[in-house]
Each structure stands twice: as C-alpha cells, then as structure tokens.
Amino acid sequence: MPQQRDDDWSDIEQFVADIAERSRTSRSVEEFTREAIRRTTTILEARAGVFWLSDDRGDLQAICSSDQVDADQIDQLTRDHAHRSFLQSVIDGGQPQSHLPPRPDRDPVRPGTSPRGFSDQLWVAAPFRVDDSSFGVIEVAQPANISVAARSGNERLLAMVGDLTTDFLQRQQVIGLKATTDQWLQYELLAQRAHATLGLQETCFQIVNDGRLFIGCDRASLVVPIRHDYVTQAISGVDT
C-alpha cells in the first residue's frame, strides 16, 4: 500500500497548508476555530472535536465544537472533574496527550463520567497559548481501539493545529493592539483640534465634525443644558 501512504501524506500536507492559510486570513476567532475543528475532525476521522479557551478567571470554556457535539455534552465535559484534569494536564505539560476515561464496570473505584454518546472514546488533545494568562486546548474524540502508531500520529497532527492556533490568536492580538493605538491617536488629534481655538461656536463645530468620524456615526450633535432647557450648539456638517 505505498501509494495509499503517499496519498495520506499529501492530504496531511494540504491540511496543514490550509489551516496555516486560515490562520493568516480568518477575520475572527469564531471563523478560524469553526473551520479548523471541522477540517481536523474530518482528516482524523474523529467522532467529535472541541476548542477550549481560558476565560478571565483561568477556567477553560468551550468556544467551538464540531456538529456532533451538543450543548448538553459540552456541559457534561465542563463539569467532569476527570476531563478537566486531563485538559489542565495537557496545558501544564505543554505537549499533546491522550486520555481514555474509565468505564464504571471496568474501574469501580474511579467511575467514568463520559458524556452521553462518548463512552469508550479516546480523547486526544494538544495545547495552544497566546500569553501567560491566555491558553487553550484543541481536542478530538476517536475510537479507543485505534493503534498506538495512529494515536501518536494524531497527537503530532493536533500539535501542529495547536501551534497554528497560537499563531492566529497572537496575530489577532497584534491587530487589536494596532486598532487600539490608532483609535488613541485619533482621540489625541481630536482633543488637539478642539483646543486649537478659544471661540465657543468654532470649538463646538470642531467637536461634532471630528467626533462623528471618531465615533463612526452618520451625524453628531452637541447639546448643552442652559437653565431649564437643552440647547443644540452644533450639528456635524452644518456650520451655521
């Protein structure tokens, strides 16, 4: 079966190239993770897949899952202590790992709590990290009887997806930082131009005209309270 092996390698190379391309072109976390989990479960012939990302408290939350996983199963995985420990072990170790939850009839001391529909499934997971306070895991569920060689190969492939996820999230951070910096520079320019004159009416017009662009709206107005009423001092685009 040499030809089959060549085809498999070609598929894997194309898969990695596609995920790498999406890590550069996806506009949102939702877009990237949705396509990455779909393609990953397809090439690995996995039964299910989940992306986990840490929240502000450091707890892992499911941000994306394959179509085979419903909300109830995600909730069971989130509450399952053994599964959470497995995910945390993947993060702490910084390496892909596999985990086969024990079944109650096989291990009465440590009863399994596999979510509905995922008994006798091998979970394979790999970590990704954005910075010291933001981290996550991508995992897939596969039949428990896959060979050791297949398990090892799947771990390596998931590690590649984890690395590309790290690249994507770090790139998103840079884009967000640039957007924040650009907005701050626009604010400083707006403040400078607003203080460029001491005339009340000129200042009002400057604020609404520049402020409209800063806020990103069609029309901006400046209204001030005078005695028991409110008076419109300026409307963007109207100088008189």
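Here is a friendly exchange about the sheet, cores, aromatic pairs and salt bridges of a predicted model.

Student: Let's start with the sheet. What is the order of the five strands in the open sheet?

Tutor: Happy to begin there. β2 and β3 (97-99) stand at the edges, each with a single partner strand, so one side of each has no neighbour in the sheet. The pairing is antiparallel, and the order is β2-β1-β5-β4-β3.

Student: By how many degrees are neighbouring strands of this sheet turned against each other on average?

Tutor: The direction of the strands is ignored for this value. On average, the turn between neighbours in the sheet is 30 degrees.

Student: Now β1. How many bridges join β1 to β5?

Tutor: Two of the facing positions are easy to find in the structure. Val50 stands opposite Glu139 in β5, and Ala48 stands opposite Ala141 in β5. β1 and β5 run antiparallel, and the number of bridges joining them is six.

Student: And on the β2 side, which residue in the turn of the hairpin has a positive phi?

Tutor: β1 pairs with strand β2 (residues 60-65) in the antiparallel sense over five bridges, and Leu53 has Gln61 as its bridge partner in β2. The two strands form a hairpin with five residues between them. The turn residue with a positive phi, about 90 degrees, is Gly58.

Student: Are the faces of β1 covered or exposed?

Tutor: Take one side at a time. Ala48, Val50, Trp52 and Ser54 are buried on one side, and Gly49, Phe51 and Leu53 are buried on the other. That makes seven of seven residues in β1 buried. Both faces of β1 are therefore best described, given the under 20% cut-off for buried, as covered.

Student: Which helix packs on the sheet, touching β1, β2, β4 and β5?

Tutor: The direction of this helix makes about 55 degrees with that of β1. The helix spans residues 71-79, and its name is α3.

Student: Let's turn to the interior. Which element gives the most to the largest nonpolar core?

Tutor: This core has 24 residues, and Ile19, Leu44, Phe51, Ile138, Val140, Leu158 and Leu169 touch the most other members. The elements that give two or more residues are α1 (2-25), α2 (29-43), β1 (48-54), β4 (121-131), β5 (134-143) and α5 (148-194). With six residues, the element that gives the most is α5.

Student: How many residues are in the other core, which includes Val50?

Tutor: This core lies apart from the largest one. Its members include Val50, Ile74, Leu77 and Val90. The count of residues is 16.

Student: Back to Phe51. Which residue of those in contact with Phe51 is a Cys?

Tutor: Neighbours within four places in sequence are left aside here. The contacts of Phe51 include Thr33, Ala36, Ile37, Phe128, Val137, Ile138 and Thr165. Also among them are Gln61, Ala62 and Ile63, and the Cys is Cys64.

Student: What is the angle between the planes of Phe32 and Phe168?

Tutor: There are two aromatic pairs in the structure. This one links distant parts of the chain, with Phe32 in helix α2 and Phe168 in helix α5, 136 residues apart. Phe32 is buried at a relative accessible area of 1%, and Phe168 is buried at 1% too. The pair is stacked at 4.5 Å centre to centre, and the angle between the planes is 15 degrees.

Student: On to charges. Which residue forms a salt bridge with Glu35 from helix α1?

Tutor: The structure has eight salt bridges. Glu35 lies in helix α2, so its bridge to helix α1 ties together parts that are 13 residues apart in sequence. Glu35 counts as buried at 15% relative accessibility, while its partner counts as partly exposed at 31%. The closest N and O atoms are 3.9 Å apart, and the partner is Arg22.

Student: Which residues are joined with Glu35 into one network?

Tutor: Salt bridges that share partners make this network. Joined with Glu35 are Arg22 and Arg38.

Student: Is Glu30, the salt-bridge partner of Arg34, buried or exposed?

Tutor: The closest N and O atoms of Arg34 and Glu30 are 3.7 Å apart. The two residues are four apart in helix α2, separated by about one helical turn. Arg34 is partly exposed at 44%, whereas Glu30, at 57% relative accessibility, is exposed.

Notes:
Residues are numbered from 1 along each chain as its sequence is written. This is a predicted model: local features need pLDDT of at least 70, side-chain atom pairs count only at pLDDT 80 or more; totals for chains, interfaces and linings use all residues. Side-chain values use heavy atoms; hydrogens and water are left out. A nonpolar core is a set of buried Ala, Val, Leu, Ile, Met, Phe, Trp, Tyr and Cys residues joined through side-chain atoms within 4.5 Å. Buried means under 20% relative accessible area, exposed over 50%, partly exposed in between (1.4 Å probe, protein chains only). Contact means heavy atoms within 4.5 Å. Rings of Phe, Tyr and Trp (its six-membered ring) pair if their centres lie within 6.5 Å; planes under 30 degrees apart count as stacked, over 60 as edge-to-face and the rest as tilted. A salt bridge is a side-chain nitrogen of Lys or Arg within 4 Å of a carboxyl oxygen of Asp or Glu. Two strands pair if DSSP finds at least two bridges between them. Axes are lines fitted to C-alpha atoms, for helices over the stretch in contact, and angles run from 0 to 180 degrees between N-to-C directions.
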